[in-house]
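Dear colleague,

Please find below the structure that I am handing over to you. I should be grateful if you would look through it before reading the notes that follow it.

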Amino acid sequence: MTTTLQTLSTGTRIATFVAVAGFVSAAWLAAGHESEKAVVNSAAAMAPRPIYVTLPSVEIVARRMAADPETALASNNAMHATNEL
């Protein structure tokens, strides 16, 4: 019982290996790029978005003279929360 095996030449084997390696490398790079893109998109989707608020208008009812003290405690040289720094 004799079997004949036809083997591929060395050049054909190398060319096949290079083609398969190139295909796998291209698929790997494409998957990595898409994965990074998905992470960036999901991070942007989960990030807190700015909240825009419309504040009510403020009415100025009086103006302080420059010589007047800022608080009642400042006129007595007493400590105030803003003076503690």
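The notes below begin with the whole chain and then turn to individual residues.

Please bear in mind throughout that this is a predicted model.

The protein has 85 residues, and buried residues account for 0% of them. Its secondary structure consists of two helices and zero strands. The accessible surface amounts to about 8,600 Å², and carbon and sulfur atoms contribute 64% of that area.

One feature of the surface deserves a separate mention. V20, F23, V24 and W28 together form a nonpolar surface patch of about 510 Å². Of these residues, V20 can be placed in helix α1, which covers residues 10-46. V20 has a relative accessible area of 49% and is therefore classed as partly exposed, because the exposed class requires a value over 50%.

Two further residues of helix α1 may be of interest to you.

The first is R13, which lies in helix α1. The relative accessible area of R13 is 49%, so this residue is partly exposed. When neighbours within four places in sequence are set aside, R13 is in contact with T7 and L8.

The second is S25, which is also located in helix α1. What does the side chain of S25 reach? The side chain of S25 comes to 2.8 Å from the backbone oxygen of A21. With a relative accessible area of 40%, S25 is partly exposed; a buried residue would need a value under 20%.

To summarise, the model contains two helices and zero strands, a nonpolar surface patch made by V20, F23, V24 and W28, and a link from the side chain of S25 to the backbone oxygen of A21.

With kind regards

Terms used: Residues are numbered from 1 along each chain as its sequence is written. This is a predicted model: local features need pLDDT of at least 70, side-chain atom pairs count only at pLDDT 80 or more; totals for chains, interfaces and linings use all residues. Side-chain values use heavy atoms; hydrogens and water are left out. Helices (H or I, at least four residues) and strands (E, at least two) are DSSP runs, numbered from the N terminus. Buried means under 20% relative accessible area, exposed over 50%, partly exposed in between (1.4 Å probe, protein chains only). Accessible areas come from the Shrake-Rupley method with a 1.4 Å probe; for residues, only the protein chains shown count as cover. Patches are made of residues with over 30% relative accessible area and no salt bridge: like charges are joined within 9 Å, nonpolar side chains (Val, Leu, Ile, Met, Phe, Trp, Tyr) within 5 Å. A salt bridge is a side-chain nitrogen of Lys or Arg within 4 Å of a carboxyl oxygen of Asp or Glu. A polar contact is a pair of N or O atoms within 3.5 Å; within protein, one must be able to donate a hydrogen and the other to accept it, and residues adjacent in sequence count only if both atoms are side-chain atoms. Contact means heavy atoms within 4.5 Å.
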